[in-house]
Amino acid sequence: MDKLSVFISSVAQDSLTTLRMRTKQLLDNLGHEGIIFEESIMFTELDSVKTCLEYVKDSDMLILFIDTKAGSMISSEGKSVTHLEFLTAHEEGKKVLVYVNRQVVDEFFKLRVLQN
């Protein structure tokens, strides 16, 4: 199997730090390259969001962990950094694996039922 570069995305939330790091370690142990913000990204520009999105574009796939916080919002975009990473991966035709906290899923579907 070819070596994959995998961008691991989530809100910078304490409850997700260990999960991101363990996912990176697992991918690295399998011979792939796990990319996480806190260890892998070297800023070549002052704009950290732009740098993250470039890493997403250069990766083969995105793993996204969604928990109970939205993360830092980019006011000019009206979206969070994590949302922009997801949209960039989708627009670039990357494979995306999304893992969502059960509480978030339940709230989403509860709201959908109430709206209908």
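Here a visitor asks a guide how the labels on this predicted model are justified.

Visitor: What is the chain built from, and in what order do the elements run?

Guide: The chain has 5 helices and 6 strands. Starting at the N terminus, the order is β-α-β-α-α-β-β-β-α-β-α.

Visitor: How much of the chain counts as buried?

Guide: The chain has 116 residues, and 34% of them count as buried. The chain exposes about 7900 Å², with 54% of that supplied by carbon and sulfur atoms.

Visitor: Which residues make up the largest nonpolar core?

Guide: There are 8 residues in this core: Val6, Ile8, Leu16, Leu27, Ile36, Met61, Ile63 and Phe65. At least two residues come from each of β1 (5-10), α1 (14-29) and β3 (61-66). β3 gives the largest share, 3 residues.

Visitor: What makes such a set a nonpolar core?

Guide: Its members must be buried residues of listed types, Val, Leu, Ile, Met and Phe among them, joined through side-chain atoms within 4.5 Å. The group from Val6 to Phe65 is called a core because it meets that rule. As a general point, nonpolar side chains in soluble globular proteins tend to be buried together.

Visitor: What does Ile8 touch, leaving out residues up to four places away in sequence?

Guide: Ile8 touches Arg20, Thr23, Lys24, Leu27, Gly34, Ile35, Ile36, Ile63 and Phe65. Ile35 belongs to a second, separate core of 7 residues, which also includes Cys52, Val56 and Leu62.

Visitor: Why is the pair Lys24 and Asp28 called a salt bridge?

Guide: The closest N and O atoms of Lys24 and Asp28 are 2.6 Å apart. The cut-off is 4 Å, so the pair qualifies. Both residues lie in helix α1, 4 residues apart, which means about one helical turn separates them.

Visitor: Is Lys24 buried or exposed?

Guide: Lys24 has 12% relative accessibility. Buried means under 20%, so Lys24 is buried. Its partner Asp28 is at 31%. That value lies between 20% and 50%, so Asp28 is partly exposed.

Visitor: How many salt bridges does the structure hold?

Guide: It holds 2. Besides the Lys24 pair, Lys57 bridges to Glu54, with the closest N and O atoms 3.6 Å apart. The value 3.6 Å is within 4 Å, so this pair also counts as a salt bridge.

Visitor: Where do Lys57 and Glu54 sit?

Guide: They sit in helix α3 (residues 48-58), 3 residues apart, with about one helical turn between them. Lys57 has a relative accessible area of 34%, so it is partly exposed. Glu54, at 32%, is partly exposed too.

Visitor: Which residues form a nonpolar patch on the surface?

Guide: Ile66, Val98 and Val100 form it. Together they have about 190 Å² of accessible area.

Visitor: How do you know that Ile66 is accessible enough for a patch?

Guide: Ile66 is found in strand β3. Its relative accessibility is 31%. A patch residue needs over 30%, so Ile66 passes.

Visitor: Why does Gln25 count as partly exposed?

Guide: Gln25 is in helix α1. Its relative accessible area is 49%. Exposed means over 50%, so Gln25 stays in the partly exposed class. Gln25 and Ile35 are 10 residues apart in sequence, and their C-alpha atoms are 9.8 Å apart in space.

Visitor: Among contacts between residues at least 6 apart in sequence, how many join residues at least 24 apart?

Guide: The share is 66%.

Technical notes
Residues numbered from 1 in each chain as written. Predicted model: local features only at pLDDT ≥ 70, side-chain atom pairs only at ≥ 80, totals over all residues. Heavy atoms only, no water. Buried < 20%, exposed > 50% of the residue type's maximum accessible area, 1.4 Å probe, protein only. Contact = heavy atoms within 4.5 Å. Patch = residues over 30% accessible without salt bridge, like charges linked within 9 Å, V, L, I, M, F, W, Y side chains within 5 Å. Areas by Shrake-Rupley, 256 points an atom, 1.4 Å probe, with all protein chains shown as cover. Salt bridge = Lys/Arg side-chain N within 4 Å of Asp/Glu carboxyl O.
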